[in-house]
Amino acid sequence: MQSLAAFAFGVRTHVLQNGPTDAELFEYVFSGDNTVLALSFVVNIVLAGLTILGIAYLGRNLTDPRSKAIATALMLISVVSISSYTGLTSGLTLGVVEMPAGHPAAGATTAGQDGVLVMWGRYLTWTFSTPFILIALGMIAGSNWPKILTTCAFTIAMCVTGLAAALTTSSLVLRWWWFVLGSIFFLVIVYVILVDWTAEAERAGTTDLFRTLKLLTVVGWFGYPILWALGVEGFAILDVAITSWGYSILDVITKYVVTFLAMFYVVDEPDSITGGADYGATMPGLASTDD
Ligand code: RET
């Protein structure tokens, strides 16, 4: 945990040393011209907040520990999300980064500084949110912990390499090399979802729900690297506001829609989801019966 905090601090120091303060970035985003960009952040704070409240309401009568664990994983996706978008809104996790020679946005200026606006907080916080999506999906598929944690490790690696790709200023080739590495890690996750978890969901009896969640997840997740490549960090075909709205809309599908579909299924506590009173107990037989 400490090394993660040190890493986050290092990222922040690296970005801030080369650009404006978060107060200047906050003013840039919220000053007249950038309302569309600002809205792409604020709308998601509202949606993440509503999703957290929705889960708390829907899950109020859950009794089975496994159902509760899935609901908790689902809630943590939005807990990370509301924090992530607050970081972007405040300017804390935004930065102005100069692109290397040969990059289509090389020589651009933003908020009076050399460089382009990079929403680096997105890549950093995906590191924390995507594992909870995969934990919820893997549990719904009835998979085992080694497999679920493997996908979590690969998604963390994918997001950190995406962050590195966005912040590398030394070489255009190395920016894209980071991107390729991240994409390879991504394909491992796609393979586990499409092959292993699809078969496991069939055995667990959750095929119908899993098929929908799988479609939304795999198709939705492919949108992120596509946006990265088309956005200002990649080929710079899309401007920052459009890229940001792209990510925000994908977030609605891959987080809030997935969450509510899963939650509506979990609240009924069907046999395909529940694990029994002793599920996850460190001392089997001592599970309380009245909570
Ligand atoms: C990056 C760039 C490196 C290559 C790949 C990427 C994929 C990102 C994905 C993000 C998913 C985020 C979600 C967030 C929800 O909170 C990092 C853009 C493959 C798939 C679902």
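The legends below describe close-up views of a predicted model.

**View 1. Residues nearest the ligand.**
The ligand has 17 residues around it, and those that come nearest are Ser 129, Thr 130, Trp 221, Tyr 224 and Lys 255. Two of these residues place polar side-chain atoms by ligand oxygens. For Ser 129, a polar side-chain atom is 2.7 Å from an oxygen atom of the ligand. For Lys 255, the distance from a polar side-chain atom to a ligand oxygen atom is 3.0 Å. On its own the ligand would expose 540 Å², and the protein buries 100% of that area.

**View 2. The cavity and the shell around the ligand.**
The largest cavity is where the ligand sits. Five helices each give two or more residues to the shell around the ligand: H5 (120-140), H6 (145-167), H7 (172-204), H8 (207-230) and H9 (240-266). Which classes of residue does the shell have? Sorted by class, the shell has nine nonpolar residues, six polar residues and two charged residues.

**View 3. Ala 236 in the loop between H8 and H9.**
Ala 236 belongs to the loop that lies between H8 and H9. The phi angle of Ala 236 is positive, about 55°, although this residue is not a glycine. Is Ala 236 buried or partly exposed? Ala 236 has a relative accessible area of 28%, so the residue counts as partly exposed, between the limits of 20% and 50%. Ala 106 is 130 residues away from Ala 236 along the chain, and the two C-alpha atoms are separated by 9.9 Å.

**View 4. Glu 269 after H9.**
Glu 269 is found in the segment that follows H9. Glu 269 is not a glycine, yet its phi is positive, at about 45°.

**View 5. Trp 245 in helix H9.**
Helix H9 contains Trp 245. With a relative accessibility of 25%, Trp 245 is not under the 20% limit for a buried residue and therefore counts as partly exposed. Measuring from C-alpha to C-alpha in the model, Trp 245 and Glu 202 are 35 Å apart in space, with their positions 43 residues apart in sequence.

**View 6. Lys 214 in helix H8.**
Lys 214 is part of helix H8. Is Lys 214 buried or exposed? The relative accessibility of Lys 214 is 17%, and because this is under 20%, the residue counts as buried. Lys 214 and Tyr 123 are 91 residues apart along the chain, and their C-alpha atoms are separated by 22 Å.

Notes
Residues are numbered from 1 along each chain as its sequence is written. This is a predicted model: local features need pLDDT of at least 70, side-chain atom pairs count only at pLDDT 80 or more; totals for chains, interfaces and linings use all residues. Side-chain values use heavy atoms; hydrogens and water are left out. A residue is near a molecule or strand if one of its heavy atoms lies within 4 Å of it. A polar contact is a pair of N or O atoms within 3.5 Å; within protein, one must be able to donate a hydrogen and the other to accept it, and residues adjacent in sequence count only if both atoms are side-chain atoms. Accessible areas come from the Shrake-Rupley method with a 1.4 Å probe; for residues, only the protein chains shown count as cover. On a 1 Å grid over the protein atoms alone, a cavity is a set of points where a 1.4 Å probe fits but cannot get out, and a pocket is an open set with protein on both sides within 12 Å along at least five of seven lines; lining residues have an atom within 4 Å of a point. A molecule sits in a cavity or pocket if more than half of its atoms lie within 2 Å of its grid points. Helices (H or I, at least four residues) and strands (E, at least two) are DSSP runs, numbered from the N terminus. Ala, Val, Leu, Ile, Met, Phe, Trp, Tyr, Cys and Pro count as nonpolar, Asp, Glu, Lys and Arg as charged, and the others, Gly among them, as polar. Buried means under 20% relative accessible area, exposed over 50%, partly exposed in between (1.4 Å probe, protein chains only).
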